[in-house]
Amino acid sequence: MALDGIVIKSLVDELQQCIGARIHKIHQPTNQELVFGIRGNGMSGKLLLSANPTYPRVHFTNATYINPLEAPMFCMLMRKYCEGGVIERITQVGRERIIHIDVRHRDEVGDTSFKRIIVELMGRHSNIILIDPDTNTVHDGIQHVTPAVSSYRIVMPGSSYTPPPEQNKLDPLAVNTKEQFSDALHRDDEQASITSKTLVGSFSGFSPLLANEIIYRAITKQHDQWLGATERPLQLDGQLRVDHIDDLWSSFKHMMETVQQQQFRPMIVKETARDKQYFSVVALTHIDGSFTEYRAVSEVLEAFYGDKAERDTVKQRAGDLIRFVTNEISKNEQKLVKLQHTYDEAQDADRYRIMGELITAYMHQIKRGDESVDLVNYYDENGAILHVLLDPQLTPSENAQRYFKRYTKQKNSQVSVMEQIELTNRELEYFSTLLQQLELASLSDIEEIREELVAGGYLRERVKKGAKRKKSNKPQLLCYTSSEGIDIYVGKNNLQNEYVTNRLANSNDTWLHTKDIPGSHVVIRSNEFGNPTLEEAAMLAAYYSQAKSSSMVPVDYTLIRHVKKPSGAKPGFVIYDQQKTVYITPDEEKLKALPHTVK
């Protein structure tokens with residue numbers, strides 16, 4: 001479901017608990033997002049404001065964000081005017097996707113001033129703008145809009161704030177009678193059927209999904225099931241239509257009364273037929289599928305958008321690393337093919353020795369200047385004739401020595417080529433592991449992987465102006481708590497893998513890893529646990545591996561004392577013995593339900 005005006009209404013209602021609280025911290029983890037630390041008046045939490053063009057949203061969050069070493073200019077401006085300020089009011093503009101947050105703040109000399117944070121959640125046109133409400137002057141926006149970008153309005157420091165163009169639609173919550181409703185639709189009873197497109201074009205804040213739900217309820221006339229229905233009563237194909245204005249008005253009125261009374265049902269619905277997900281603040285009875293309900297709108301938005309937004313941000317930040325690692329894998333695969341060809345050729349080394357010995361044995365039959373000679377191969381059971389090429393400028397003895405040298409060279413090359421093949425296979429395994437880690441990495445994990453590649457001499461260190469972030473000897477670790485209350489640590493990159501396995505774990509802790517598949521090191525921090533903990537740890541090992549989407553993934557487990565890192569091995573590489581193997585299918589929902597934190 002789109003983040004429509006009705007969802008924004010439910011969200012603004014939820015955000016009213018921030019009224020009277022202070023904005024005690026402001027961070028800008030990405031170019032398009034702000035995170036406010038909110039405290040006071042019985043409230044404590046983090047509020048995310050995102051102008052992400054794909055996933056714009058506002059909601060409370062429990063996620064951990066990695067902030068840049070130097071705060072961006074917009075963040076510094078927000079801190080100057082809003083940090084320490086009290087939130088006076090949070091409102092929605094009509095039923096539009098625009099939220100106003102009014103803040104009362106004291107400046108450096110103690111004078112009280114008022115600022116307004118305007119959050120426009122409009123896809124690629126999304127923005128977060130700070131203005132002076134008394135003069136309507138823009139202090140700045142997280143996205144600048146210049147005359148070259150828009151001829152309608154400018155969002156630049158010092159310009160006057162102009163709201164987005166009005167759509168001239170009616171606020172659905174202001175419709176109180178059937179006559180108003182019918183007039184808003186611009187129809188009379190003689191006109192054709194009403195579709196979701198009609199409702200979306202007539203009322204502000206309506207998405208096609210919500211419009212389809214209203215029409216569907218009008219069609220089924222099962223009003224008694226609206227608040228409790230969890231299954232789709234009947235199947236309708238194609239465009240939903242309704243012919244009777246009375247039924248549609250009744251359905252619309254009931255829905256708007258539910259919204260006015262804040263009787264929301266935040267949920268995520270997964271459609272069975274298309275394996276597609278929607279989120280909503282009302283029951284979606286027209287969709288055939290399973291649903292998960294949440295206590296608050298923020299929880300829905302975090303569950304629906306959080307992972308997607310983070311994955312997109314990670315891909316942007318890690319784009320150069322992914323390209324580098326992919327290229328290294330390709331180069332090593334090509335190198336391996338060439339080495340194998342060289343090795344196959346070296347297998348014929350004995351052929352050159354035989355030719356040298358035959359020339360030596362039949363030297364009396366060969367004269368200088370001969371270009372070739374046919375000799376009986378006495379090494380062959382049938383005495384086959386072997387055609388031997390000669391260099392006419394060399395003596396028979398010199399030709400024999402030439403073949404003996406080629407034999408020695410080829411024989412010696414087998415050893416070096418095998419060493420190169422082994423090294424290349426290790427490189428392939430290493431970079432395949434890095435690629436898998438980048439696919440599952442968080443923002444903090446990316447920098448650790450970059451540091452590892454720099455330390456390994458694969459990349460040059462980035463030279464940045466200003467102070468350097470002090471490197472910690474202890475990386476941030478993802479820690480799950482099993483259903484039996486036991487800590488399970490997961491290493492998401494080689495730095496974390498080495499710390500979890502070689503420094504954090506005790507000798508009697510249990511270590512897990514996917515069998516012959518690139519993946520994370522997982523450690524159960526206890527020497528006593530039951531099958532539920534083992535199963536959950538194995539599932540984590542499978543989920544944080546290249547076999548994440550597979551079923552019946554083999555996972556080895558053994559005690560830490562049986563896990564060793566060979567001298568000179570790549571980061572994260574270990575050997576182990578006395579292992580047992582379990583087969584597990586990753587269940588993402590089950591793993592998300594386990595308590596977890598970053599330590």
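This passage describes the overall build of a predicted protein model, then its nonpolar cores, and finally a few individual residues.

The overall build comes first. The predicted chain folds into 14 helices and 25 strands. Its radius of gyration is 35 Å, whereas the globule rule gives 25 Å for 599 residues, so the protein is more spread out than a compact globule. Along the principal axes, the C-alpha atoms occupy a box of roughly 120 × 65 × 60 Å. Of the 599 residues, 47% are buried. Contacts tell a further part of the story: when only pairs at least 6 apart in sequence are considered, 60% of the contacts join residues at least 24 apart.

Turning to the surface, the protein exposes about 31,000 Å², and carbon and sulfur atoms supply 47% of that area. As for charge, there are 72 positive and 79 negative side chains. The centres of these two sets lie 6 Å apart.

The interior deserves a closer look. In soluble globular proteins, nonpolar side chains tend to be buried together. In this model, the largest nonpolar core holds 78 residues. Those with the most contacts inside this core are Phe36, Leu49, Ile99, Ile117, Phe181, Leu199 and Phe206. Helix H6, spanning residues 245–260, gives the most to the core, contributing seven residues. A second core, separate from this one, has 26 residues, among them Val522, Ala538, Met539 and Leu591.

Ile117 offers a handy view of the surroundings of one core residue. With residues up to four places away in sequence set aside, Ile117 touches Phe36, Leu49 and Ile99, each of which is also listed with the most contacts inside the largest core. The other partners of Ile117 are Met78, Cys82, His100, Ile101, Val103, Ile128, Ile129 and Leu130.

Two residues stand out for their backbone angles. Asn168 has a positive phi of about 55° although it is not a glycine, and Gln262, likewise not a glycine, also has a positive phi of about 55°. Asn168 sits in the loop between strand S9 (137–141) and helix H3 (178–184), while Gln262 lies in the loop between H6 and strand S12 (267–271). What sets their classes is the relative accessibility: Asn168, at 71%, counts as exposed because the cut-off for that class is over 50%. Gln262, at 46%, counts as partly exposed.

The loop between S9 and H3 also contains Gln143. Gln143 has a relative accessible area of 27%, and is therefore partly exposed. Beyond its neighbours within four places in sequence, Gln143 is in contact with Gln32, Ala51, Ser126, Asn127 and Val155. Gln143 and Ile129 are 14 residues apart in sequence, with 8.1 Å between their C-alpha atoms. Ile129 is in turn one of the residues touched by Ile117.

Ile385 completes the set. Ile385 belongs to strand S16, which covers residues 385–389, and its relative accessible area of 56% makes it exposed. Apart from neighbours within four places in sequence, Ile385 is in contact with Asp374, Leu375 and Val376. Between the C-alpha atoms of Ile385 and Asn508 there are 68 Å, and the two residues are 123 apart along the chain.

Notes. Residues numbered from 1 in each chain as written. Predicted model: local features only at pLDDT ≥ 70, side-chain atom pairs only at ≥ 80, totals over all residues. Heavy atoms only, no water. Helix = DSSP H or I, 4+ residues; strand = E, 2+ residues; numbered from the N terminus. Rg over C-alpha atoms; globule rule 2.2 N^0.38 Å. Buried < 20%, exposed > 50% of the residue type's maximum accessible area, 1.4 Å probe, protein only. Contact = heavy atoms within 4.5 Å. Areas by Shrake-Rupley, 256 points an atom, 1.4 Å probe, with all protein chains shown as cover. Lys, Arg positive; Asp, Glu negative; His and termini not counted. Charge placed at Lys NZ, Arg CZ, Asp CG, Glu CD. Core = buried A, V, L, I, M, F, W, Y, C linked by side-chain atoms within 4.5 Å.
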